[in-house]
Amino acid sequence: MTDLEQQVLTQVRAIISNEEQVIGRRATLVPLKKAIIADGDIRNVIDIVSTDPALAAHLLWRCNCAASPSINTNNRTLKDALIRLGQVNIYRYAFTFYLKERLDELPQPYRKLVQAYWRLTESIAVEAVDSLHQMQGVNIDPDEVQTLALFSVFGQIIALTAFAYLNADSEQSFPLSIIKNLIDTQQQTLTLEAFESLGLDDELQHEFMIAHNLRQTRDANSPGLVLRRILSMRGLLLNPL
């Protein structure tokens, strides 16, 4: 690693550790996180989600996307959807919703690059949920598969976002080739640091590692195993089979 790459890596990691800088709309996400950590009444979570109609609509849409095509969920109320999702999935969906909002605010060319990663993420999520619905004899929550899939290339997205912030605030403009090299060589480190720094739940990180073949499991009902097959076919595993 060159001295310049080491300098950029250090600064990118510092930005990744700043949850407030990476994620927008803190007025909703922070109280939502506190309510979930407190493990209080689901009604408190519903009230917080309801303060942002766009988030509420998004959660209802996500819930319907993950459901089996054989189940009619179009008339599900927000309350019913949130109760079914459970607090962990609610927070994961909310996190990705606000992250996507933040990505849409990035300057070019970073916005275009990150949006390409996001489209990839969405396609992986669709494929993973479809794959789950075709499986027999498993007891896996489709929302857990979908929320996990939305973090498939999390490290790349967060690293590129941090690099965009770095270049925006720096007197020196760093070439894109530097962050490309860092993502290629430091992807696992940057990803796991992002999980830790941004306060995501331990189970999500555990299943992410299973999905990327970084950790093994004997649990036939692991969402990570569902996603692993998709990532392997796409050549995206951090640790190829």
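## Helix H5 and its buried side

In H5, the residues Leu55, Ala56, His58, Leu59, Arg62, Cys63 and Ala66 are buried. Around the helix axis they cover an arc of only 160°, which puts them on the same side of H5. The structure described here is a predicted model.

Several other helices help to cover these buried residues: the cover includes H3 (26-37), H4 (42-50), H6 (78-85), H7 (87-103), H8 (110-133) and H9 (142-149).

## Length and start of H5

Helix H5 comprises 14 residues, from 53 to 66. At 1.5 Å a residue, the helix should span 20 Å, and its end C-alpha atoms are indeed 20 Å apart, so the expected and computed values agree. At the start of H5, the backbone nitrogen of alanine 54 has a side-chain oxygen of aspartate 52 within 3.1 Å.

## Cysteines

A search of the whole structure finds 0 disulfides. Cysteine 63 is accordingly in no disulfide, and the nearest cysteine sulfur, that of cysteine 65, is 9.4 Å away. A disulfide requires two cysteine sulfur atoms within 2.5 Å, and the distance of 9.4 Å between the sulfurs of cysteine 65 and cysteine 63 is therefore too far for a bond.

The accessibility of each cysteine can also be stated. Cysteine 63 has a relative accessible area of 0% and is therefore buried, whereas cysteine 65, at 34%, counts as partly exposed.

## Salt bridges between separate parts of the chain

The count of salt bridges comes to 8. One of them joins the side chains of arginine 13 and glutamate 193, with an N to O distance of 2.4 Å. Arginine 13 lies in helix H1 (residues 3-16) and glutamate 193 in helix H11 (residues 176-197), so this pair ties together parts that are 180 residues apart in sequence. Arginine 13 is partly exposed at 33% relative accessibility, and glutamate 193 is partly exposed at 22%.

A salt bridge also forms between the side chains of arginine 84 and aspartate 143, at 2.9 Å from N to O. Because arginine 84 belongs to helix H6 and aspartate 143 to helix H9, the pair ties together parts that are 59 residues apart in sequence. Arginine 84 is partly exposed, at 31% relative accessibility, whereas aspartate 143 is buried, at 0%. The side chains of glutamate 127 and arginine 234 likewise meet in a salt bridge, at 2.8 Å from N to O. Glutamate 127 lies in helix H8 and arginine 234 in the segment after helix H13 (223-233), so parts 107 residues apart in sequence are tied together.

Methods. Residues numbered from 1 in each chain as written. Predicted model: local features only at pLDDT ≥ 70, side-chain atom pairs only at ≥ 80, totals over all residues. Heavy atoms only, no water. Helix = DSSP H or I, 4+ residues; strand = E, 2+ residues; numbered from the N terminus. Expected span 1.5 Å × (residues − 1). Buried < 20%, exposed > 50% of the residue type's maximum accessible area, 1.4 Å probe, protein only. Arc of directions from axis to C-beta. Contact = heavy atoms within 4.5 Å. Polar contact = N/O pair within 3.5 Å; in protein donor to acceptor, adjacent residues only side chain to side chain. Salt bridge = Lys/Arg side-chain N within 4 Å of Asp/Glu carboxyl O.
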